[in-house]
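Hi there,

Here is the structure I promised to pass on. Have a look at it first, and then read my notes below.

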Amino acid sequence: TCDPQDEFLDVIYWLRQILGLLCGIVWGIIPFSGIAGLLIFFAFNALVVYVYMNSFQKVDEEEYGGMMEILKEGLMTSFATFLVAWIILYSALHYN
Amino acid sequence: MLADTLLILSISIATAFLGEGLTWLLVYRTEKYKKLKTEVEKQSKKLEKKKEASGPNDASGRNAKKKIERQEERLKNNNRDLSMVKMKSMFAIGIVFTALLSMFSSIFDGRVVAKLPFVPISWLQGISHRNLMGSDFTDCSFIFLYILCTMSIRQNIQKLLGFAPSRSASKQGGGLFSTPMQAAK
(Lines give C-alpha, C1' and ligand atoms only; values in the text may rest on other atoms or scores of the structure.)
Protein backbone atom coordinates (compact mmCIF):
# COMPACT_ATOMS: atom_id res chain seq x y z
CA THR A 1 0.00 0.00 0.00
CA CYS A 2 1.12 3.54 -0.62
CA ASP A 3 -0.71 5.04 2.32
CA PRO A 4 1.82 7.03 4.40
CA GLN A 5 -0.08 6.38 7.63
CA ASP A 6 0.01 2.67 7.06
CA GLU A 7 3.67 2.86 6.20
CA PHE A 8 4.48 4.70 9.40
CA LEU A 9 2.57 2.14 11.46
CA ASP A 10 4.44 -0.64 9.67
CA VAL A 11 7.72 0.98 10.62
CA ILE A 12 6.55 1.15 14.23
CA TYR A 13 5.49 -2.49 14.03
CA TRP A 14 8.85 -3.77 12.80
CA LEU A 15 10.77 -1.44 15.10
CA ARG A 16 8.86 -3.01 17.97
CA GLN A 17 9.62 -6.55 16.83
CA ILE A 18 13.33 -5.91 16.56
CA LEU A 19 13.28 -4.10 19.88
CA GLY A 20 11.43 -7.00 21.52
CA LEU A 21 13.95 -9.51 20.21
CA LEU A 22 16.95 -7.44 21.27
CA CYS A 23 15.51 -6.76 24.71
CA GLY A 24 14.77 -10.45 25.17
CA ILE A 25 18.35 -11.35 24.31
CA VAL A 26 19.83 -8.72 26.61
CA TRP A 27 17.44 -9.53 29.47
CA GLY A 28 18.35 -13.21 29.11
CA ILE A 29 22.08 -12.60 29.17
CA ILE A 30 22.17 -10.16 32.11
CA PRO A 31 19.87 -11.90 33.47
CA PHE A 32 16.89 -9.91 34.58
CA SER A 33 14.23 -11.80 36.45
CA GLY A 34 10.89 -11.30 38.11
CA ILE A 35 8.13 -8.81 37.48
CA ALA A 36 10.68 -5.99 37.24
CA GLY A 37 11.99 -7.43 33.98
CA LEU A 38 8.52 -7.29 32.47
CA LEU A 39 7.83 -3.78 33.67
CA ILE A 40 11.15 -2.45 32.46
CA PHE A 41 10.47 -3.97 29.05
CA PHE A 42 7.09 -2.25 28.73
CA ALA A 43 8.42 1.07 29.91
CA PHE A 44 11.44 0.89 27.61
CA ASN A 45 9.38 -0.22 24.64
CA ALA A 46 6.85 2.59 25.04
CA LEU A 47 9.61 5.10 25.61
CA VAL A 48 11.49 4.19 22.44
CA VAL A 49 8.36 4.40 20.31
CA TYR A 50 7.40 7.69 21.93
CA VAL A 51 10.81 9.22 21.40
CA TYR A 52 10.96 7.91 17.85
CA MET A 53 7.67 9.43 16.83
CA ASN A 54 8.22 12.70 18.60
CA SER A 55 11.76 13.59 17.79
CA PHE A 56 12.43 11.88 14.48
CA GLN A 57 9.11 11.88 12.73
CA LYS A 58 7.11 14.66 14.35
CA VAL A 59 3.87 12.97 13.46
CA ASP A 60 0.48 14.29 14.33
CA GLU A 61 -0.88 11.60 16.60
CA GLU A 62 -4.47 12.66 15.96
CA GLU A 63 -4.16 11.40 12.41
CA TYR A 64 -3.77 7.92 13.77
CA GLY A 65 -6.62 8.04 16.22
CA GLY A 66 -4.65 9.18 19.24
CA MET A 67 -1.52 8.25 21.07
CA MET A 68 -2.87 4.92 22.24
CA GLU A 69 -3.30 3.61 18.70
CA ILE A 70 0.39 4.12 18.02
CA LEU A 71 1.52 2.79 21.36
CA LYS A 72 -0.64 -0.30 20.85
CA GLU A 73 0.62 -1.09 17.34
CA GLY A 74 2.32 -4.48 17.39
CA LEU A 75 2.73 -4.44 21.15
CA MET A 76 1.41 -7.92 21.87
CA THR A 77 3.49 -9.54 19.16
CA SER A 78 6.54 -7.68 20.32
CA PHE A 79 5.85 -8.81 23.88
CA ALA A 80 5.57 -12.44 22.79
CA THR A 81 8.82 -12.19 20.83
CA PHE A 82 10.49 -10.65 23.84
CA LEU A 83 9.26 -13.39 26.17
CA VAL A 84 10.40 -16.18 23.86
CA ALA A 85 13.90 -14.75 23.52
CA TRP A 86 14.12 -13.99 27.24
CA ILE A 87 12.93 -17.43 28.36
CA ILE A 88 15.10 -19.38 25.94
CA LEU A 89 18.30 -17.49 26.75
CA TYR A 90 17.59 -17.34 30.46
CA SER A 91 17.06 -21.07 30.77
CA ALA A 92 19.91 -21.93 28.42
CA LEU A 93 22.53 -19.74 30.08
CA HIS A 94 21.56 -19.96 33.71
CA TYR A 95 19.98 -23.36 34.21
CA ASN A 96 22.09 -25.85 32.30
CA MET B 1 16.68 -28.08 28.17
CA LEU B 2 18.12 -25.99 25.34
CA ALA B 3 17.49 -28.77 22.84
CA ASP B 4 13.84 -28.90 23.92
CA THR B 5 13.32 -25.18 23.63
CA LEU B 6 14.93 -25.02 20.21
CA LEU B 7 12.84 -27.97 19.10
CA ILE B 8 9.68 -26.24 20.25
CA LEU B 9 10.74 -23.07 18.49
CA SER B 10 11.22 -24.94 15.24
CA ILE B 11 7.94 -26.81 15.71
CA SER B 12 6.08 -23.56 16.04
CA ILE B 13 7.83 -22.06 13.02
CA ALA B 14 6.91 -25.14 11.01
CA THR B 15 3.30 -25.16 12.16
CA ALA B 16 2.97 -21.44 11.49
CA PHE B 17 4.09 -21.96 7.90
CA LEU B 18 1.89 -25.01 7.61
CA GLY B 19 -1.09 -23.04 8.86
CA GLU B 20 -0.47 -20.14 6.50
CA GLY B 21 0.16 -22.54 3.63
CA LEU B 22 -3.10 -24.35 4.27
CA THR B 23 -5.00 -21.10 4.59
CA TRP B 24 -3.48 -19.90 1.35
CA LEU B 25 -4.50 -23.10 -0.34
CA LEU B 26 -8.05 -23.02 0.97
CA VAL B 27 -8.76 -19.32 1.26
CA TYR B 28 -6.31 -16.68 0.16
CA ARG B 29 -5.89 -17.86 -3.41
CA THR B 30 -9.60 -18.22 -4.12
CA GLU B 31 -11.19 -15.62 -6.36
CA LYS B 32 -14.06 -15.07 -3.99
CA TYR B 33 -11.75 -14.17 -1.12
CA LYS B 34 -9.64 -11.83 -3.22
CA LYS B 35 -12.67 -10.02 -4.53
CA LEU B 36 -14.23 -9.63 -1.11
CA LYS B 37 -11.00 -8.48 0.44
CA THR B 38 -10.35 -5.70 -2.03
CA GLU B 39 -13.99 -4.71 -1.78
CA VAL B 40 -13.86 -4.48 2.02
CA GLU B 41 -10.63 -2.53 1.92
CA LYS B 42 -11.94 -0.07 -0.61
CA GLN B 43 -15.14 0.48 1.28
CA SER B 44 -13.38 0.87 4.62
CA LYS B 45 -11.11 3.55 3.23
CA LYS B 46 -13.99 5.37 1.61
CA LEU B 47 -16.02 5.23 4.78
CA GLU B 48 -13.15 6.51 6.83
CA LYS B 49 -12.72 9.46 4.53
CA LYS B 50 -16.40 10.25 4.50
CA LYS B 51 -16.60 10.14 8.25
CA GLU B 52 -13.67 12.48 8.53
CA ALA B 53 -15.18 14.84 6.02
CA SER B 54 -18.53 15.04 7.74
CA GLY B 55 -16.98 15.40 11.19
CA PRO B 56 -18.63 15.05 14.56
CA ASN B 57 -20.40 18.40 14.39
CA ASP B 58 -22.62 17.12 11.66
CA ALA B 59 -22.58 20.25 9.56
CA SER B 60 -23.50 18.55 6.33
CA GLY B 61 -26.87 17.42 7.51
CA ARG B 62 -28.88 14.28 7.58
CA ASN B 63 -28.37 13.29 4.02
CA ALA B 64 -24.68 12.66 4.46
CA LYS B 65 -25.34 10.78 7.65
CA LYS B 66 -27.77 8.50 5.90
CA LYS B 67 -25.28 7.82 3.16
CA ILE B 68 -22.67 6.87 5.71
CA GLU B 69 -25.10 4.57 7.43
CA ARG B 70 -25.97 2.84 4.19
CA GLN B 71 -22.32 2.35 3.40
CA GLU B 72 -21.68 0.99 6.85
CA GLU B 73 -24.41 -1.54 6.31
CA ARG B 74 -22.87 -2.68 3.03
CA LEU B 75 -19.46 -2.94 4.63
CA LYS B 76 -20.88 -5.02 7.42
CA ASN B 77 -22.43 -7.43 4.96
CA ASN B 78 -19.20 -7.79 3.04
CA ASN B 79 -17.29 -8.36 6.23
CA ARG B 80 -19.70 -11.07 7.20
CA ASP B 81 -19.25 -12.79 3.83
CA LEU B 82 -15.52 -12.55 4.23
CA SER B 83 -15.53 -14.23 7.61
CA MET B 84 -17.85 -16.93 6.26
CA VAL B 85 -15.34 -17.71 3.52
CA LYS B 86 -12.60 -17.90 6.10
CA MET B 87 -14.64 -19.88 8.58
CA LYS B 88 -14.79 -23.15 6.68
CA SER B 89 -11.09 -23.52 6.23
CA MET B 90 -10.35 -22.25 9.72
CA PHE B 91 -12.45 -25.10 10.95
CA ALA B 92 -10.44 -27.64 8.95
CA ILE B 93 -7.17 -26.12 10.06
CA GLY B 94 -8.36 -26.10 13.65
CA ILE B 95 -8.90 -29.84 13.56
CA VAL B 96 -5.47 -30.51 12.06
CA PHE B 97 -3.82 -28.31 14.65
CA THR B 98 -5.63 -29.84 17.58
CA ALA B 99 -4.40 -33.24 16.48
CA LEU B 100 -0.83 -32.00 16.05
CA LEU B 101 -0.90 -30.20 19.37
CA SER B 102 -2.10 -33.19 21.31
CA MET B 103 0.60 -35.29 19.68
CA PHE B 104 3.32 -32.84 20.64
CA SER B 105 2.07 -32.35 24.15
CA SER B 106 2.09 -36.09 24.71
CA ILE B 107 5.72 -36.16 23.55
CA PHE B 108 6.66 -33.43 26.01
CA ASP B 109 4.36 -34.69 28.74
CA GLY B 110 5.72 -33.97 32.20
CA ARG B 111 8.96 -32.47 30.90
CA VAL B 112 10.21 -29.12 32.11
CA VAL B 113 11.19 -27.50 28.81
CA ALA B 114 12.40 -24.16 30.16
CA LYS B 115 12.88 -22.06 33.26
CA LEU B 116 10.81 -18.92 33.41
CA PRO B 117 12.62 -15.83 34.64
CA PHE B 118 9.44 -14.78 36.47
CA VAL B 119 6.51 -16.36 38.26
CA PRO B 120 3.42 -16.13 36.07
CA ILE B 121 0.25 -14.66 37.55
CA SER B 122 -2.04 -17.27 39.03
CA TRP B 123 -4.48 -17.72 36.17
CA LEU B 124 -1.60 -18.38 33.78
CA GLN B 125 -0.01 -20.97 36.04
CA GLY B 126 -2.55 -23.53 34.85
CA ILE B 127 -1.00 -23.25 31.40
CA SER B 128 2.61 -22.62 32.28
CA HIS B 129 2.70 -25.47 34.78
CA ARG B 130 0.47 -27.90 32.90
CA ASN B 131 1.22 -31.56 33.53
CA LEU B 132 4.34 -30.76 35.52
CA MET B 133 5.24 -32.19 38.89
CA GLY B 134 6.45 -30.12 41.80
CA SER B 135 5.41 -26.68 42.90
CA ASP B 136 8.18 -24.59 41.39
CA PHE B 137 6.12 -22.26 39.27
CA THR B 138 9.07 -21.06 37.28
CA ASP B 139 9.10 -24.42 35.54
CA CYS B 140 7.68 -24.03 32.07
CA SER B 141 5.59 -26.59 30.27
CA PHE B 142 5.58 -27.30 26.54
CA ILE B 143 2.23 -25.70 25.92
CA PHE B 144 3.14 -22.31 27.39
CA LEU B 145 6.30 -21.93 25.36
CA TYR B 146 4.53 -23.17 22.25
CA ILE B 147 1.73 -20.64 22.63
CA LEU B 148 4.22 -17.80 23.09
CA CYS B 149 6.26 -18.87 20.07
CA THR B 150 3.16 -19.13 17.96
CA MET B 151 1.89 -15.73 19.05
CA SER B 152 5.11 -14.13 17.99
CA ILE B 153 5.96 -16.13 14.89
CA ARG B 154 2.57 -16.59 13.28
CA GLN B 155 1.72 -12.91 13.33
CA ASN B 156 5.09 -11.91 11.96
CA ILE B 157 4.84 -14.44 9.17
CA GLN B 158 1.37 -13.21 8.27
CA LYS B 159 2.68 -9.69 8.20
CA LEU B 160 5.71 -10.63 6.11
CA LEU B 161 3.66 -12.54 3.59
CA GLY B 162 1.06 -9.82 3.48
CA PHE B 163 -1.82 -11.96 4.74
CA ALA B 164 -2.58 -9.84 7.77
CA PRO B 165 -5.85 -7.90 7.52
CA SER B 166 -5.36 -4.27 6.59
CA ARG B 167 -5.62 -1.64 9.27
CA SER B 168 -8.42 0.44 7.87
CA ALA B 169 -10.51 -2.68 7.39
CA SER B 170 -10.06 -3.89 10.92
CA LYS B 171 -10.58 -0.39 12.25
CA GLN B 172 -13.79 0.37 10.38
CA GLY B 173 -15.20 -2.76 10.44
CA GLY B 174 -16.14 -5.30 11.57
CA GLY B 175 -13.77 -6.32 14.29
CA LEU B 176 -15.32 -7.10 17.62
CA PHE B 177 -13.11 -4.58 19.32
CA SER B 178 -13.87 -1.63 17.13
CA THR B 179 -17.32 -1.00 18.55
CA PRO B 180 -16.36 0.56 21.87
CA MET B 181 -13.80 2.74 20.09
CA GLN B 182 -16.41 4.06 17.71
CA ALA B 183 -18.82 4.68 20.53
CA ALA B 184 -16.20 6.57 22.49
CA LYS B 185 -15.67 8.99 19.62
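Let's start with B:I8, which sits in helix α1 of chain B, the helix that covers residues 2–28. Is this residue buried or exposed? B:I8 has a relative accessible area of 0%, and because the cut-off for a buried residue is under 20%, B:I8 counts as buried. Leaving aside residues up to four places away in sequence, the residues that B:I8 touches are B:F108, B:V113, B:F142, B:L145 and B:Y146. You can also pick out B:K115 from there: 107 residues separate B:I8 and B:K115 in sequence, while their C-alpha atoms are 14 Å apart in space. Please keep in mind that this is a predicted model.

Now for the rest of chain B. Its secondary structure consists of seven helices and two strands. If you follow the chain from the N terminus, the elements come in the order α-α-α-β-α-β-α-α-α. Chain B has 185 residues, and 36% of them count as buried. Among the contacts in chain B with a separation of 6 or more, 67% are between residues 24 or more positions apart. The area that chain B exposes is about 11300 Å², with 63% of it supplied by carbon and sulfur atoms.

Where does UniProt place the feature "transmembrane region" in chain B? The unreviewed entry gives residues 6–27 and 90–108. In the model, residues 6–27 of chain B are 100% helix and 0% strand, and 31 Å lies between the C-alpha atoms at the two ends. For residues 90–108 of chain B, the figures are 95% helix and 0% strand, with the end C-alpha atoms 26 Å apart.

On to chain A. This chain has four helices and zero strands, so to speak a plain run of α-α-α-α from the N terminus on. Taken along the principal axes, the C-alpha atoms of chain A fill a box of roughly 50 × 25 × 20 Å. Of its 96 residues, 44% count as buried. For contacts in chain A with a separation of 6 or more, residues 24 or more positions apart account for 81%. Chain A exposes about 4900 Å², and carbon and sulfur atoms supply 70% of that area.

Chain A carries a UniProt annotation as well: an unreviewed entry marks residues 74–93 of chain A as "transmembrane region". The model shows these residues of chain A as 95% helix and 0% strand, with 28 Å between the end C-alpha atoms.

Finally, a place to visit where both chains take part. The second largest pocket holds about 350 Å³ of space. It is lined by 17 residues, and those closest to its centre are A:F79, A:L83, B:F118, B:L124 and B:F144. Which elements give two or more residues to this lining? From chain A they are α2 (35–57) and α4 (75–94), and from chain B they are α4 (122–128) and α5 (142–161). As for the character of the lining of the second largest pocket, 16 of the residues are nonpolar, one is polar and none is charged.

Enjoy exploring it!

Best wishes

Note on methods: Residues numbered from 1 in each chain as written. Chains lettered and ligands numbered in written order. Predicted model: local features only at pLDDT ≥ 70, side-chain atom pairs only at ≥ 80, totals over all residues. Heavy atoms only, no water. UniProt positions renumbered as here; feature names shortened; annotations may be inferred. Buried < 20%, exposed > 50% of the residue type's maximum accessible area, 1.4 Å probe, protein only. Contact = heavy atoms within 4.5 Å. Areas by Shrake-Rupley, 256 points an atom, 1.4 Å probe, with all protein chains shown as cover. 1 Å grid on protein atoms, 1.4 Å probe; cavity = no way out; pocket = protein on both sides within 12 Å on 5 of 7 lines; lining within 4 Å. Points joined across faces, edges and corners; volume = space filled by probe spheres on them. Nonpolar A, V, L, I, M, F, W, Y, C, P; charged D, E, K, R; others polar.
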